[in-house]
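Subject: Structure handover

Hello,

Below is the structure you will be working with. Please have it open while you read the notes that follow.

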Amino acid sequence: MKNKNPTVFVVAGMHRTGSSALARGLLSLGVELGDNLLGPSESENPRGYWEDVDLIFLSDKVLAALGRRWESVTPLLERDFSAAEYSDLVDEAATLITEKMAGSRFWGFKNPRTGPLIPFWRHVFQALDVQVKYLVTVRNPINVARSLTARDHLSPGYSYALWTSYYLDTLRNLKDEVSVFISYENLMTQPEYELRRMADVLDIPWDDGVADSVRDYAKNFISDDLTHHHFDVPALKADIANFSQTLNLYELLGPLCEGTGSVLSPDLNIEIENISRSWRRQGRLLTIVVQQESGFEQRMAQHKSEI
């Protein structure tokens with residue numbers, strides 16, 4: 001008999017960090033993703049996003065209620081989700097998740113908006129009384145910045161600010177939560193090893209059927225053509241558009257992507273808070289960066305009109 005309260009696996013990596021490839025890897029491990037998935041994009045994700053359409057719309061509704069969008073760099077704090085008006089959205093999300101995971105033992109979803117919205121989802125999962133485990137993809141921020149510039153016409157400086165804010169929000173939200181961090185670069189070069197490490201950390205059963213499915217994923221899904229930007233850490237350090245906090249945070253995340261632990265340590269949480277405090281002191285600079293990026297909507301509209 002299948003468990004009435006399945007384990008929910010949440011992929012919380014930001015845009016352009018390999019979260020789609022990781023979500024497809026979860027499917028290889030026997031985690032169900034549902035059947036209402038966003039279709040592939042020939043120009044951006046030809047092998048699919050592996051992202052539930054209904055949850056995209058719901059996440060956008062939550063962001064709109066917060067006065068934010070996916071590319072907002074202002075930190076989201078736990079108290080931002082305490083207003084009474086979010087109760088209806090929590091109820092809507094709980095109903096939606098209940099329907100989608102019905103009959104599943106392992107069910108999951110991927111959405112790049114999720115990291116900063118974990119406080120909202122925590123309320124949802126508490127209402128459902130399910131066990132939740134998080135997977136966070138991490139990619140060299142210079143490659144994320146180049147990808148966002150190519151796809152969304154975001155400036156490199158703004159892209160670095162977005163990367164930094166996203167991961168600081170995500171790490172702060174993951175305190176005491178079961179989580180595993182996956183390097184995009186490692187997933188591309190050693191997918192079988194990374195999926196086995198994920199399975200071990202998250203207690204996903206591994207048998208011959210799963211091993212065969214993972215081998216097929218590594219052979220037929222993962223390929224060099226998934227990666228279009230190949231800058232290394234020295235290039236990140238040399239990029240004048242970079243922030244010192246971005247580099248410090250990326251260096252902190254590196255060991256997490258090699259680890260076998262499942263909960264962030266107290267010492268690590270102190271390091272995260274120190275970087276976060278330093279980042280908040282950049283508020284005036286971030287305001288300037290945001291102002292420089294004020295033409296985002298116009299540039300995107302022009303870009304879409306040219307497609």
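How many helices and strands does the protein chain have? The chain has 14 helices and four strands. Please keep in mind that this is a predicted model, and every value here is computed from it.

Some totals come first. The protein chain has 307 residues, and 53% of them count as buried. If you take the contacts between residues at least 6 apart in sequence, 80% of them join residues at least 24 apart.

Nonpolar cores

The largest nonpolar core has 65 residues. The residues with the most contacts inside this core are F120, W121, V124, F125, Y167, F181 and L253. Helix α6 gives the largest share of the core, with nine residues. Another core lies apart from this one; it has 25 residues, including F9, L26, L135 and I204.

Helix α4

Is α4 largely enclosed by the rest of the structure, or open? Eight of its 11 residues are buried, so α4 is largely enclosed. The buried residues are I118, P119, F120, W121, R122, V124, F125 and L128. Their cover includes the strands β1 (7–11), β2 (106–110) and β3 (131–138), together with the helices α2 (53–65), α3 and α6. Just after α4 comes D129, which has a positive phi, near 55 degrees.

One of the helices covering α4 can be described further. The axes of α3 (residues 86–100) and α4 (residues 118–128) come within 9 Å and cross at roughly 60 degrees. The two helices are therefore oblique to each other, and their crossing is right-handed. On the α3 side the contact is made by Y86, L89, V90, A93, A94, I97 and T98, and on the α4 side by F120, W121, H123, V124 and L128. By class, this contact has 10 nonpolar residues, two polar ones and no charged ones. To follow one residue through it, take V124: leaving out residues up to four places away in sequence, V124 touches V90, A93, A94 and I97.

Helices α6 and α12

How do α6 and α12 cross, left-handed or right-handed? First the geometry: the axes of α6 (residues 156–173) and α12 (residues 266–280) come within 10 Å and cross at roughly 140 degrees. That makes α6 oblique to α12. The crossing is left-handed. From α6, the residues A161, T164, S165, L168, L171 and R172 meet I272, I275, S276 and W279 from α12. These residues divide into six nonpolar, three polar and one charged.

Helices α8 and α9

The axes of α8 and α9 (residues 208–220) come within 9 Å, crossing at roughly 140 degrees. That makes α8 oblique to α9. Here the crossing is right-handed. P191, E192 and L195 of α8 meet V214, R215, Y217 and A218 of α9. Five residues of the contact are nonpolar, none is polar and two are charged.

A199 also belongs to α8, which spans residues 191–202. Is A199 buried or exposed? A199 has a relative accessible area of 2%, and a residue under 20% counts as buried, so A199 is buried. Which residues is A199 in contact with, leaving aside its neighbours within four places in sequence? They are L29, I204 and W206. The contact with L29 spans a long stretch of sequence: A199 and L29 are 170 residues apart along the chain, while their C-alpha atoms are separated by 7.6 Å.

Two loop residues

Two further residues have a positive phi and are not glycine. W50 has a phi near 55 degrees and is found in the loop between α1 (19–28) and α2. H153 has a phi near 60 degrees and lies in the loop between α5 (141–152) and α6. With a relative accessibility of 29%, H153 counts as partly exposed.

A suggested order for looking: start with α4, where eight of 11 residues are buried, and then go to the crossing of α3 and α4. After that, find A199 in α8 and trace its contacts with L29, I204 and W206.

Regards

Technical notes:
Residues are numbered from 1 along each chain as its sequence is written. This is a predicted model: local features need pLDDT of at least 70, side-chain atom pairs count only at pLDDT 80 or more; totals for chains, interfaces and linings use all residues. Side-chain values use heavy atoms; hydrogens and water are left out. Axes are lines fitted to C-alpha atoms, for helices over the stretch in contact, and angles run from 0 to 180 degrees between N-to-C directions. Angles under 35 degrees count as roughly parallel, over 145 as roughly antiparallel, 65 to 115 as roughly perpendicular and the rest as oblique. A crossing is left-handed if the near helix is turned anticlockwise from the far one by less than a right angle, and right-handed if clockwise. Contact means heavy atoms within 4.5 Å. Ala, Val, Leu, Ile, Met, Phe, Trp, Tyr, Cys and Pro count as nonpolar, Asp, Glu, Lys and Arg as charged, and the others, Gly among them, as polar. A nonpolar core is a set of buried Ala, Val, Leu, Ile, Met, Phe, Trp, Tyr and Cys residues joined through side-chain atoms within 4.5 Å. Buried means under 20% relative accessible area, exposed over 50%, partly exposed in between (1.4 Å probe, protein chains only).
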